[in-house]
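Me: I would like to work through a structure feature by feature. Please give the general idea where there is one, then the case at hand.

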2 protein chains.
Amino acid sequence: MNNNGITAPRGFLASGVACGLKNNKGKDLAMVVSENLAVAAGIFTTNVVKGHSLLWTKNKIKNGHARAIVINSGCANACLGARGDKDAQDMALYASSLIGCEPDNVMLGSTGVIGFPLDMDKIKKGIKSAFDSLSSQGGARAAEAIMTTDTFPKETSKTIEIDDKTITLGGMCKGSGMIHPNMATMICLITTDAAISQEMLDKALRSVAEKSFNRVSVDGDTSVCDQLVIMANGQGGNTPIISEGSDYEAFVSALLDVSVSLSKMLAKDGEGATKLIEIQVKGCKDIESAHLILNAIAKSPLVKTAFFGQDANWGRIFTAAGYSGADFDPDSVDIYLGDLMVCNNGIGLNFDEEKALEILKKDEIIVTLDFKSGQVNDRIWTCDLSYDYVKINGSYRS
Amino acid sequence: MNNNGITAPRGFLASGVACGLKNNKGKDLAMVVSENLAVAAGIFTTNVVKGHSLLWTKNKIKNGHARAIVINSGCANACLGARGDKDAQDMALYASSLIGCEPDNVMLGSTGVIGFPLDMDKIKKGIKSAFDSLSSQGGARAAEAIMTTDTFPKETSKTIEIDDKTITLGGMCKGSGMIHPNMATMICLITTDAAISQEMLDKALRSVAEKSFNRVSVDGDTSVCDQLVIMANGQGGNTPIISEGSDYEAFVSALLDVSVSLSKMLAKDGEGATKLIEIQVKGCKDIESAHLILNAIAKSPLVKTAFFGQDANWGRIFTAAGYSGADFDPDSVDIYLGDLMVCNNGIGLNFDEEKALEILKKDEIIVTLDFKSGQVNDRIWTCDLSYDYVKINGSYRS
């Protein structure tokens, strides 16, 4: 078993077990525990509708600390009224009684179908079994247990030197439909043994999310259970990071690497995806225009099906930019597929279709739009839209 | 041949011919001519990128009159720079020379792939052939010639009494991907023999579009060639409608019927669609919230694939409302599939799955969300998202 995820940093134990929530008998409950109380920060869905497990975490993380997180897949614990809140509380209470900590220091995550209650007998059995199998090598099992329609577990880690100490960050996340800027059916946990204040941890997380998780779109939907949480337990022994400066910058840079790596995995494993597509915009006049254009292109079903079909239909990309709500001069836009220019100053070129096909056949494609009207560059990661997306989502509940 | 479309009103001639723009040898050029100069009004795409044929029409219609319209399918005449403008002008010049009218009174429409120039030899041959075959029974052939991925021609007509005269309205349109509020890959022509001032015709068209064509969403994309134009030639002989009042109201009501009928055909024939879905919202606190919620639900791929799969996954509908940007109290929302309540005050009900399946198996499904927080009701028409949508759009250019 690799140890390349959330148990890579010192002092974190994890496990992933099957407790029967998933019809396919797969792993469906993950537990991650820090040996000591960790500093914690989180970012949560902007959806008006919020899952009960997510609401628990969102409320409890306000105290700035956490010991553990319990995440189940197979059921979202959402839209269930008082019962959903009670079940979330019971999950945290039971886990805390085993771990020996305050219930308020147990975070939760639930992902899966909305509107069906958690089977609390299964959940409690699962929590017990997960607790009994906690291991400093358990990251990969936890990453597997939080998967829903993901086709591969998503984990990564990175090691840096801060203050002459080796500091490690590890992360795991799950997608893979309902992914769109501002989070979306994503649950992500990042662990680190860095010593850092809650204020700086929160600041680092927010700045990094903007450039990574908030730049991923699978289908434009955002979910009621999306959360990104980070736990820092300080076991790395560095002088605590309590303000900006070179140590903070080094930490942010490593956190960005971990987050971008996970973000690209989310896009690449978008439901039914066969390709990772990076859309780059250059020369936009402001950041708002760049966002509008990136979001419109990344969520256009016409663009995404054309990529699936390896069809160099750049007109759809230009069209999506055009209806994005951003104001720009269409007569100054260049468009590239890979390094092949297909549109120059808003006019279609008679490009080499064979060269285009060669580019579009690849697993990873970069599309660039140059607006030549300002200094702002930005990017987003998305995927194509295939038959399998329809297949997966036409029968998700069954 | 039926005469249930644009040649149903008196004084309109039409034709549809194949001039070789479509690979499948199908009809691809339509011409519609009014015997006398008609009052005209139009609504055009909000896309920043605009097709050259559309720009011609948008500019020329400002004079308030038109004699004819020429529409080709198979090529969008878009993103071609000066050449695209020149080709549009040449189309109008050539058609006007045959019809014997001012070029400024010939409107144009082009729909198809972006970035490839019109084959003007074919276009001119087509215009000549269309002119030679103009007929007062030719509406159905014109409706066929403007189709792209449409699976059936879309036409309708309606007769009313105004001022003791029989007044007829006829319409044709094409979809069928890239359909979203604010128009989108739609080209629609409405004809009428009503006598009405340009000001009142324009007003009527705008008020009706808001409740019909702007309430259709197929895939959330909007195109560079969308236009809705209306020609009124006055041959019905009613006292001209020059102000609001009962005659105007009767005209608007008939125009709304024609427009809603065509709008529902657009949604029903969305690319790959197997079902027409009408989303209704009730009790919204304002019209902006209603729009945001309807648009988000209608363009959610997760909602649309669930309908394709006949899966009563109402959680996705609720989720889409939640991320729409509208502010509402999730704990007061009721959701119905047909007449079956599946969510009450934000809490999922243990509903009868067999009854739900019965409803979801139908060709036309009404979904209702009741927010119980205001007086605004609204609706939108959309369709499901199927394998065929991916198939059609994965290889549209080929």
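Me: How many helices and strands does chain A have?

Reply: The model is a predicted one. In chain A there are 11 helices and 14 strands.

Me: What does the radius of gyration say about the overall form of chain A?

Reply: The value is set against the one expected for a compact globule of equal chain length. For 398 residues that expectation is near 21 Å, and chain A comes out at 22 Å, which agrees. Its C-alpha trace spans about 70 × 50 × 40 Å along the principal axes. Of the residues in chain A, 62% count as buried. Taking contacts between residues at least 6 apart in sequence, 81% join residues at least 24 apart.

Me: How should I read a sheet, and in what order do the strands of the open sheet in chain A lie?

Reply: In a regular strand, side chains alternate between the two faces of the sheet. The open sheet here has 6 strands in chain A, ordered β12-β11-β10-β13-β9-β14, and its pairing is mixed. Its edges are β12 (347-348) and β14 (376-383) of chain A, each of which pairs on one side only.

Me: Which strands does β10 of chain A pair with, and through which residues?

Reply: Strand β10 (residues 334-337) of chain A runs antiparallel to β11 (residues 340-344) of chain A, joined by 3 bridges. With β13(A) it shares 4 bridges, also antiparallel. A:L337 shows both pairings: its bridge partner is A:L340 in β11(A) and A:V367 in β13(A). Further along, A:I335 stands opposite A:C343 in β11(A). The hairpin of β10(A) and β11(A) has 2 residues between the strands, and A:G338 takes a positive phi near 60° there.

Me: Which helices pack on this sheet?

Reply: Helix α6 (residues 246-268) of chain A lies across β9 (276-284) and β14 of chain A, at about 45° to β14(A). Helix α7 (residues 287-299) of chain A touches β9, β13 (364-370) and β14 of chain A, and its direction makes about 150° with that of β9(A).

Me: Where do positive phi values turn up in residues other than glycine?

Reply: One case is A:D163, with phi of about 60°. A:D163 sits in the loop between β5 (154-162) and β6 (165-174) of chain A, and is partly exposed, with 16 other C-beta atoms within 10 Å. Another is B:N345, whose phi is near 50°. B:N345 belongs to the loop between β11 (340-344) and β12 (347-348) of chain B, and counts as partly exposed with 14 C-beta neighbours inside 10 Å.

Me: How do I read the buried side of a helix, and which residues of α1 in chain A are buried?

Reply: An α-helix has 3.6 residues a turn, so residues three or four places apart point the same way. In α1 (residues 52-60) of chain A, the buried residues include A:H52, A:S53, A:W56 and A:K60. The buried residues of this helix pack against β2 (29-44), α2 (82-99), β4 (106-111) and β8 (227-232) of chain A.

Me: At what angle do α8 of chain A and α11 of chain B pack?

Reply: Helix α8 (residues 301-308) of chain A and helix α11 (residues 387-394) of chain B pack at about 70°, with axes 8 Å apart. They are therefore roughly perpendicular. A:L302, A:T305, A:A306 and A:F308 meet B:V390, B:N393 and B:G394. By class, this contact has 4 nonpolar, 3 polar and no charged residues.

Methods
Residues numbered from 1 in each chain as written. Chains lettered and ligands numbered in written order. Predicted model: local features only at pLDDT ≥ 70, side-chain atom pairs only at ≥ 80, totals over all residues. Pairing = 2+ DSSP bridges. Contact = placed C-beta atoms within 7 Å. Axes fitted to C-alpha atoms, helices over the stretch in contact; angles between N-to-C directions. Buried ≥ 20, exposed ≤ 12 C-beta atoms within 10 Å, placed from the backbone. Parallel < 35°, antiparallel > 145°, perpendicular 65-115°, else oblique. Nonpolar A, V, L, I, M, F, W, Y, C, P; charged D, E, K, R; others polar. Rg over C-alpha atoms; globule rule 2.2 N^0.38 Å.
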